[in-house]
Amino acid sequence: MVPIWLYFVIAGIFISAFMAIKTGRDERMAENAQIEQEGEVYMQRLESARDDKREQYERQEG
């Protein structure tokens, strides 16, 4: 006969593993969202710098 507390220990292990997997997935998704947001800011800065260079070139030519 298996003691009842052993079932609780096994259930705790499974719940802990499930929560670890869920938390890891949530953190990865949040990290990817943050990286994507930073990439958008970077692309906006590049576009702004490109526009500034284009305006300076047009002023010099014009």
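Helices here are DSSP runs (H or I, at least four residues), strands are runs of E with at least two residues, and both are numbered from the N terminus. With that in hand, the overall fold is quick to describe: the protein has one helix and zero strands. Keep in mind that this is a predicted model, where local features need pLDDT of at least 70 and side-chain atom pairs count only at pLDDT 80 or more, while totals for chains, interfaces and linings use all residues. Residues are numbered from 1 along each chain as its sequence is written, and side-chain values use heavy atoms, with hydrogens and water left out.

**Overall shape**

The C-alpha atoms fill a box of roughly 95 × 10 × 5 Å along the principal axes. The radius of gyration is 27 Å, whereas a compact globule of 62 residues would come in near 11 Å. (That radius is taken over C-alpha atoms, and the globule rule is 2.2 Å times the number of residues to the power 0.38.) To get a feel for the distances, take D52 and V9: they sit 43 residues apart in sequence and 64 Å apart in space, C-alpha to C-alpha.

**Surface**

How much of the protein counts as buried? The share is 0% of the 62 residues, where buried means under 20% relative accessible area, exposed over 50%, and partly exposed in between (1.4 Å probe, protein chains only). The accessible surface comes to about 6200 Å², and 59% of that belongs to carbon and sulfur atoms. These areas come from the Shrake-Rupley method with a 1.4 Å probe, and for residues only the protein chains shown count as cover.

There is also a nonpolar patch on the surface, made by V2, I4, W5, L6, Y7, F8, V9, I10, I13 and F14, with about 1100 Å² of accessible area together. Patch members need over 30% relative accessible area and no salt bridge; nonpolar side chains (Val, Leu, Ile, Met, Phe, Trp, Tyr) are joined within 5 Å, like charges within 9 Å. One of the patch residues, I13, is found in helix α1 and is exposed at 53%.

**Charges and salt bridges**

The protein carries 8 positive and 12 negative side chains, and the centres of the two sets lie 4 Å apart. Lys and Arg count as positive, Asp and Glu as negative, with His and the chain ends not counted. Each charge is placed at NZ of Lys, CZ of Arg, CG of Asp or CD of Glu.

The structure holds two salt bridges, a salt bridge being a side-chain nitrogen of Lys or Arg within 4 Å of a carboxyl oxygen of Asp or Glu.

| Salt bridge | Closest N and O atoms |
|---|---|
| R54 with D51 | 3.2 Å |
| R59 with E55 | 3.7 Å |

Why can R54 and D51 reach each other? They are three residues apart in helix α1 (residues 4-61), so about one helical turn separates them. R59 and E55 are four residues apart in helix α1, again about one helical turn.

R54 is partly exposed at 44% relative accessibility, and D51 is partly exposed at 30%. R59 is exposed at 61%, while its partner E55 is partly exposed at 40%.
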